[in-house]
Amino acid sequence: MEGVGIVVEYNPFHNGHKYHLSMAKKAGDVVIGVMSGDYVQRGEVALVNRWERAEMALKNGVDILVELPSFYSCQSAEIFAIGAIGILDILEVKHIVFGSESGDAKELLNLVEVGETSEFKEKLLENLKMGLSYPSAYSKSLKEINQNLELKSNDILGLEYIKAIKYWKSSISPIGLKREKVGFYEKIGIENIMSATGIRELIKNGKDFKDYIPEPSKEILDEIIKNKKITFLENYYYLIRYNIINNYDNLKKIQDMEIGYENKLYEMACKYESFKEFFEHIISKRMTIGRVQRILIHILINLTKDLTKEIKEEIPYVRVMGFSQKGREYLKRLKDDKRIITSMKNIKKTLSENNREKFEFNEKASLIYKMVNNYEDRKIPIMY
């Protein structure tokens, strides 16, 4: 049995994800999804909690679903990819299928090689110092080297997946899938496809989104919305604001915090009771929405620079959230790898004290999520 990996958030699972999954099934026998837990890469709390999104994944056809812990899932594209690829490498997948604007893994591999040159690194540093965001600085640096080279914003994660494969010295083969019809952050639907960003906006505003969602997702989402169990970042502002004010002296240690930026956060948190006003006053050309949101999540869950350094050195564990019958057979081959967790009973026996602390960090992060949007946790995987 050959495993093929996909990196997902399913926030929520929509028709575009269904297409991605169907293409992944053509590349291997068992599709293994690494899914962000209760916090996602753009620095937001998940619209729907990790277990209900895991159920969506399995009902729509994923064979094995594992969690990308919060110390990877709400990080920059580089660290997000390092965590996801490291987990897929432990699970011995042969390929990873990812969507991008170019849809060409060879082209992205070429960009990675250019990005490793000293000339490129110097230009990238210069452009970052000018105040450009990372994607803009990366693309500008490529064009300055060769006018024919270009990196589109939706190619960033694909690029980082390929870099992460090299980082872990993995034998995983990348397969690019051209993103069709709508971009990652576009809010306009085309035919029956709309980005997760657009769908979340429809849900938030009480508008109809069901043309863009497959049937198994509809059933789960209908129940969640009926019970008012959807979540947005602003719902956590009182907790974020408390942490900024109460832990001001330690904000310098928070991952992604720039020197002096903690002072601005403190000043605005003291000044504004409204999240909207607070947020408008802490973003800038350099401090983009995604980056600022990640910093706020890092403050919320106390994700530090020291912890980030540690989790880049090794993957502490792999938590299986669910599997199909075919997925169960695949996992049997990996049963001797003690890093793969399928039951909470064995954690103390199988994980080192250091790695167990990281597991507990992720669970504490989910407890914070549950302070606003409570859900029933699970001790064993979903079997579908």
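Gln75 is buried in this predicted model, with a relative accessible area of 0%. The residue is found in the loop between helix 3 (70–73) and helix 4. Leaving aside residues up to four places away in sequence, Gln75 touches Gln41, Phe80, Gln255, Asp256, Arg294, His298, Leu303 and Thr308.

## Backbone features in loops

One of the contacts of Gln75 is Asp256, a residue with a positive phi of about 75° although it is not a glycine. Asp256 is found in the loop between helix 11 (237–246) and helix 12. With a relative accessibility of 22%, Asp256 counts as partly exposed, because the buried class ends under 20%.

A positive phi also occurs at Tyr10, where the angle is near 50° and the residue is again other than glycine. Tyr10 has its place in the loop between strand 1 and helix 1. In contrast to the partly exposed Asp256, Tyr10 counts as buried, at 0% relative accessibility. The loop between strand 1 (3–8) and helix 1 (15–25) also holds Pro12. Asn11 and Pro12 are joined by a cis peptide bond, with omega at about 5°. As background to these features, most residues other than glycine have a negative phi, and most peptide bonds are trans.

Asn263 lies in helix 12 (residues 261–271). Its relative accessible area is 37%, so Asn263 is partly exposed. Asn263 and Asp249 are 14 residues apart in sequence, and their C-alpha atoms are 9.9 Å apart in space.

The accessibility values of the residues discussed individually are collected here.

| Residue | Location | Relative accessibility and class |
|---|---|---|
| Tyr10 | loop between strand 1 and helix 1 | 0%, buried |
| Gln75 | loop between helix 3 and helix 4 | 0%, buried |
| Asp256 | loop between helix 11 and helix 12 | 22%, partly exposed |
| Asn263 | helix 12 | 37%, partly exposed |
| Gln293 | helix 14 | 9%, buried |

## Strand pairing

Strand 5 (residues 64–68) is mostly covered, with five of its five residues buried. Strand 5 pairs with strand 2 (residues 30–36) in the parallel sense, over five bridges. Within this part of the structure, Leu68 in strand 5 has Ser36 opposite.

Strand 5 also pairs with strand 8 (residues 318–323), here in the antiparallel sense and over three bridges. Phe323 in strand 8 has Ile64 opposite, and Gly322 in strand 8 has Leu65 opposite. Strand 8 is likewise mostly covered, six of its six residues being buried.

Strand 8 in turn pairs with strand 9 (residues 340–341) in the parallel sense, over two bridges. Val318 stands opposite Ile340 of strand 9. Strand 5 thus has strand 2 as a parallel partner and strand 8 as an antiparallel partner. In a regular strand the side chains alternate between the two faces of the sheet.

## Nonpolar core

The largest nonpolar core has 129 residues, and those with the most contacts inside it are Tyr39, Leu265, Phe278, Leu296 and Ile301. Helix 4 (residues 77–90) gives the most to this core, contributing 10 residues. In soluble globular proteins, nonpolar side chains tend to be buried together.

Leu296 touches Ile240, Ile244, Leu265, Phe275, Phe278, Phe279 and Ile282, not counting residues up to four places away in sequence. Two of these contacts, Leu265 and Phe278, are themselves listed among the residues with the most contacts inside the core.

## The second largest pocket

The second largest pocket has a volume of about 550 Å³. Its lining is formed by 22 residues, of which Glu44, Glu201, Lys204, Glu234 and Gln293 lie nearest the centre. The elements that give two or more residues to this lining are strand 4 (44–45), helix 9 (196–204), helix 13 (275–280) and helix 14 (289–301). By residue class, the lining of the second largest pocket divides into nine nonpolar, four polar and nine charged.

Gln293, one of the residues nearest the pocket centre, has its place in helix 14. Gln293 counts as buried because its relative accessibility is 9%, and the cut-off for burial is under 20%. Beyond residues up to four places away in sequence, Gln293 touches Arg42, Gly43, Glu44, Leu233 and Phe279. Among these contacts is Glu44, which is also listed with the residues nearest the centre of the second largest pocket.

How values were computed:
Residues are numbered from 1 along each chain as its sequence is written. This is a predicted model: local features need pLDDT of at least 70, side-chain atom pairs count only at pLDDT 80 or more; totals for chains, interfaces and linings use all residues. Side-chain values use heavy atoms; hydrogens and water are left out. On a 1 Å grid over the protein atoms alone, a cavity is a set of points where a 1.4 Å probe fits but cannot get out, and a pocket is an open set with protein on both sides within 12 Å along at least five of seven lines; lining residues have an atom within 4 Å of a point. Grid points are joined across faces, edges and corners, and a volume is the space filled by probe spheres set on the points. Helices (H or I, at least four residues) and strands (E, at least two) are DSSP runs, numbered from the N terminus. Ala, Val, Leu, Ile, Met, Phe, Trp, Tyr, Cys and Pro count as nonpolar, Asp, Glu, Lys and Arg as charged, and the others, Gly among them, as polar. A nonpolar core is a set of buried Ala, Val, Leu, Ile, Met, Phe, Trp, Tyr and Cys residues joined through side-chain atoms within 4.5 Å. Buried means under 20% relative accessible area, exposed over 50%, partly exposed in between (1.4 Å probe, protein chains only). Contact means heavy atoms within 4.5 Å. Two strands pair if DSSP finds at least two bridges between them.
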